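Visitor: Hey, got a minute to go through a structure with me? I'd like to talk charges first, then packing and empty space.

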Amino acid sequence: MTSAWAGGALDAELATLLADAGVTGPHTALVPLAAGEDNQVYATAVAGRDLVVKGARTSRVRSGVAAWAAAQLAAVGVPAPTVLGYRGRLLVETRCPGTPLDQHHAGHGPPADLTAQAGRLLRRIHTVPVRGYGRLDTAGVGLRPCLHSWLLQLPPLPTTATADMHALRAQARQTLRHHLPELAGVPAVLLHGDWTARHVIVNDGRITGIVDLESVRGGDPLADLAGWSLQEPAELTHGLYTGYFTTPPDRPTRLRLALYRVRIAAAMLAQHITNANRAQLRLRTAQLQADLADLSCKQPATQPRITPPPLPPRKEGPPC
């Protein structure tokens with residue numbers, strides 16, 4: 001947490017926020033859950049009600065967007081946290097019971113019915129229409145007026161990027177620009193924006209929550225599937241697709257999936273270089289090269305040819 005919450009400042013601000021939301025009673029001690037690039041996350045409880053507290057680690061605060069998105073998911077029957085309130089850099093929401101999908105190993109991966117269930121829920125999320133593309137505001141309006149402007153806008157590479165990285169990014173942008181006509185007319189719908197197994201909460205064989213909604217976007221629904229397929233093992237993507245698609249993806253669908261993988265992988269290069277994450281940079285480079293080659297040969301694939309390794313078996317704890 002940043003120095004803005006030194007000492008008991010976080011507890012005091014949380015108490016005020018809870019009171020404003022009509023939640024009465026003292027909260028239990030804050031237990032750190034995770035620290036991402038944008039938020040420090042804590043667990044707490046008030047009167048037996050489990051809550052999650054998010055404190056923004058940067059000036060990029062999107063609490064209002066998360067609250068809007070949570071309401072949209074609830075309206076279409078998708079389990080999600082209820083945002084109780086937010087102010088400044090602090091947000092409080094209900095805690096979805098369970099653990100992330102990527103921690104629910106059965107052998108080398110979660111049960112297929114869970115990943116298929118995630119696919120069906122994602123399809124329901126994609127029934128929510130929005131206006132505009134890219135990151136959404138608190139009214140569900142995207143920052144960009146058209147899909148093309150989002151597709152071609154890639155974050156700049158850091159100064160430490162090699163000439164090969166710049167050349168690969170240039171090839172990706174050229175390929176995307178070449179295929180722009182084939183993406184024309186795709187209406188914008190609500191996207192999770194950071195659709196990965198760690199944001200799907202599972203408990204007792206069912207999905208209890210879709211979380212971390214600060215990154216919601218407007219765009220082509222296939223972009224969410226493309227992002228998942230780049231970051232998850234092949235078996236998780238297969239399960240997700242089983243639940244999402246009612247018929248096998250046709251060639252235009254495979255083309256769109258491949259193009260979004262190119263766009264997402266090309267954008268992620270900058271982050272991996274900045275963080276000096278060599279393993280992820282190698283994976284993303286290989287994925288990008290494979291999809292560019294497939295598109296050059298006019299043979300786009302439904303799933304990436306190169307994926308992260310299978311999930312390791314979950315270690316069993318000592319017997320009680």
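Visitor: Is R87 buried, exposed or something in between?

Guide: This is a predicted model, and in it R87 has 35% relative accessibility, so R87 counts as partly exposed.

Visitor: Which residue does R87 form a salt bridge with?

Guide: With D20; the closest N and O atoms of the two are 3.3 Å apart. R87 sits in strand β4 (residues 83-87) and D20 in helix α1 (residues 9-20), so the bridge ties together parts that are 67 residues apart in sequence.

Visitor: And D20, buried or exposed?

Guide: Exposed, because its relative accessibility is 58% and the cut-off for exposed is over 50%.

Visitor: How many salt bridges turn up in the whole structure?

Guide: Eight. One of them joins the side chains of E93 and K54, at 3.7 Å from N to O. E93 belongs to strand β5 (residues 90-94) and K54 to strand β3 (residues 49-56), so this pair connects parts 39 residues apart in sequence.

Visitor: Are E93 and K54 buried or exposed?

Guide: E93 has 7% relative accessibility, so E93 counts as buried. K54, at 4%, counts as buried too.

Visitor: What other salt bridge does K54 form, say with E214?

Guide: In the K54–E214 bridge, the closest N and O atoms are 3.1 Å apart. That one links distant parts of the chain: E214 is in the loop between β11 (206-210) and β12 (217-219), K54 is in strand β3, and 160 residues separate them. Both E214 and K54 are buried.

Visitor: Which residues end up in one network through shared partners?

Guide: K54, E93, D212 and E214.

Visitor: OK, switching to empty space. How many cavities of 30 Å³ or more are there?

Guide: One, with about 110 Å³ of space in it. The lining has 13 residues, and N39, R60, V61, R62 and E214 are the closest to the centre. So E214 comes back here, as a lining residue as well as a salt-bridge partner of K54.

Visitor: How does that lining divide into nonpolar, polar and charged?

Guide: Three nonpolar, three polar and seven charged.

Visitor: What about pockets, how much space lies in the second largest?

Guide: About 180 Å³. Its lining includes Q171, H178, R251, L292 and K298. The elements giving two or more residues to that lining are α5 (163-178), α8 (251-274) and α9 (278-296).

Visitor: And how do the residues of that pocket's lining divide?

Guide: Three are nonpolar, five polar and three charged.

Visitor: Last topic, packing. How many residues does the largest nonpolar core have?

Guide: It has 74, and those with the most contacts inside the core are L190, V200, I210, Y260 and L288. Helix α8 gives the most to this core, with 14 residues.

Visitor: Which residues does V200 touch?

Guide: Leaving out residues up to four places away in sequence, V200 touches T99, P100, L101, A118, W195, I207, G209, I210 and W228.

Visitor: Which residues are in the other core, the one of twelve residues?

Guide: Among them are L17, L30, V53 and L90, and that core lies apart from the largest one.

Methods
Residues are numbered from 1 along each chain as its sequence is written. This is a predicted model: local features need pLDDT of at least 70, side-chain atom pairs count only at pLDDT 80 or more; totals for chains, interfaces and linings use all residues. Side-chain values use heavy atoms; hydrogens and water are left out. On a 1 Å grid over the protein atoms alone, a cavity is a set of points where a 1.4 Å probe fits but cannot get out, and a pocket is an open set with protein on both sides within 12 Å along at least five of seven lines; lining residues have an atom within 4 Å of a point. Grid points are joined across faces, edges and corners, and a volume is the space filled by probe spheres set on the points. Helices (H or I, at least four residues) and strands (E, at least two) are DSSP runs, numbered from the N terminus. Ala, Val, Leu, Ile, Met, Phe, Trp, Tyr, Cys and Pro count as nonpolar, Asp, Glu, Lys and Arg as charged, and the others, Gly among them, as polar. A nonpolar core is a set of buried Ala, Val, Leu, Ile, Met, Phe, Trp, Tyr and Cys residues joined through side-chain atoms within 4.5 Å. Buried means under 20% relative accessible area, exposed over 50%, partly exposed in between (1.4 Å probe, protein chains only). Contact means heavy atoms within 4.5 Å. A salt bridge is a side-chain nitrogen of Lys or Arg within 4 Å of a carboxyl oxygen of Asp or Glu.
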